[in-house]
Amino acid sequence: MLAIRWVLSLIFIIQMYLAMAVVAIGFAPFALFSRAAAVKACHVYCQWVIFSLRILCGLRCEVRGTPPTDEVVVAGKHQSFLDIILIYSAVPRGKFIMKRELMWTPFLGQYARRIGCVPVNRGKRGAAIAKMKADVMAGSEFPGQLIIYPQGTRVAPGVKRPYKVGTGLLYEQLGQPCVPVGTNVGVFWPKRGILRKPGLAVVDFLPRIEPGLPVAEFMEQLETVVEQSSNALMAEAGFPG
């Protein structure tokens, strides 16, 4: 049975990347002239990943809470590519803060630019934060939900990583509400590896944090609610931590 799961997981991964190419090429003539078409292409791809994941791997997906539709900062727990798929599929006009080098990835990079994602260089913390704030402000003509991962990288279940202050500075600079998001997707779709486990993967949109808090207080509240939600969801999924 485990061998079959490995084979089906491998098939899922292969077809997932093939589907990315098919959707990207199929929507390209429309996305070239319409940002709405680019957003639609990304939503179609996300729905296909969710559907094929359930069929091939027995992994169902669920979105809890109320996904935002206005201009907010969405700050989520990042455990694997699946939380990217689920968060983006749930909001109408999502755009990510992402590593600049990903902008050169075939298909992904072109569509990321088209939907208004904000590239950020890695480097010294102060310079990186200043550049991130400037790029976000420069990209303000693309209204929507700005998605950021406060820990800056994928974090496997049970691993502790600090929350970076850049999210707090963006919250302060933009003056927008922040919608925290917890998840348990890493229990089923690991940070690394091929096997996708059956079960119920969840992202949980939590009550928004309204603008106006001091950065330190905001960061403490954000980390508390995201970690509590994620830990509860992982426990629900049977994670022993």
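How exposed is isoleucine 14, judged by its relative accessible area? Here are some notes to help you find your way around.

1. Let's take that residue straight away. Isoleucine 14 is partly exposed, as its relative accessible area is 47%, and buried would need a value under 20% while exposed would need one over 50%. You will find isoleucine 14 in helix H1. Its C-alpha atom and that of cysteine 46 are separated by 15 Å, with the two positions 32 residues apart along the chain. Please keep in mind as you read that this is a predicted model.

2. Now for the chain as a whole. It has seven helices and seven strands, and reading along the sequence gives the pattern α-α-β-β-α-β-α-β-α-β-α-β-β-α. The C-alpha trace spans about 50 × 45 × 35 Å along its principal axes. For 241 residues, a compact globule would have a radius of gyration near 18 Å, and the chain agrees with that, having 18 Å.

3. A word on packing overall. Of the 241 residues, 48% count as buried. If you look at contacts between residues at least 6 apart in sequence, 76% of them join residues at least 24 apart.

4. The nonpolar interior is a good place to look next. The largest nonpolar core has 46 residues, and Phe12, Tyr45, Leu82, Ile87 and Phe205 are those with the most contacts inside it. Among the elements that give two or more residues to this core are helix H1 (2-31), helix H2 (35-57), helix H4 (108-115) and strand S7 (199-205). H2 provides the largest share, ten residues. There is also a second, separate core of 18 residues, which includes Val120, Leu146, Tyr163 and Ile209.

5. Isoleucine 87 deserves a closer look, as one of the residues with the most contacts inside the largest core. Setting aside neighbours within four places in sequence, isoleucine 87 is in contact with Val74, Ile147, Tyr149, Val181, Val203 and Phe205.

6. Which residues does serine 89 touch, not counting those up to four places away in sequence? They are His43, Cys46, Gln47 and Ile50. Serine 89 itself sits in helix H3 (residues 81-90). Its relative accessibility is 18%, so serine 89 counts as buried, the limit being under 20%. The side chain of serine 89 also reaches the backbone oxygen of leucine 86, at 2.9 Å.

7. The aromatic rings make a nice tour of their own. The structure holds five aromatic pairs. In one of them, tyrosine 171 and phenylalanine 218 have ring centres 3.9 Å apart and planes at 5°, so this pair is stacked; planes under 30 degrees apart count as such. The pair links distant parts of the chain, since tyrosine 171 belongs to helix H6 (residues 166-174) and phenylalanine 218 to helix H7 (residues 215-236), 47 residues apart. Both tyrosine 171 and phenylalanine 218 are buried.

8. Two further ring features are worth finding on screen. Phe12, Phe81 and Trp189 are linked into a cluster by ring pairs, and Phe12 is also among the residues with the most contacts inside the largest nonpolar core. Elsewhere, arginine 113 lies over the face of tryptophan 104, at 5.2 Å from the ring centre.

Key: Residues numbered from 1 in each chain as written. Predicted model: local features only at pLDDT ≥ 70, side-chain atom pairs only at ≥ 80, totals over all residues. Heavy atoms only, no water. Phe/Tyr/Trp six-rings, centres within 6.5 Å; stacked < 30°, edge-to-face > 60°. Helix = DSSP H or I, 4+ residues; strand = E, 2+ residues; numbered from the N terminus. Buried < 20%, exposed > 50% of the residue type's maximum accessible area, 1.4 Å probe, protein only. Lys NZ or Arg CZ within 6 Å of the ring centre and 35° of its normal. Polar contact = N/O pair within 3.5 Å; in protein donor to acceptor, adjacent residues only side chain to side chain. Contact = heavy atoms within 4.5 Å. Core = buried A, V, L, I, M, F, W, Y, C linked by side-chain atoms within 4.5 Å. Rg over C-alpha atoms; globule rule 2.2 N^0.38 Å.
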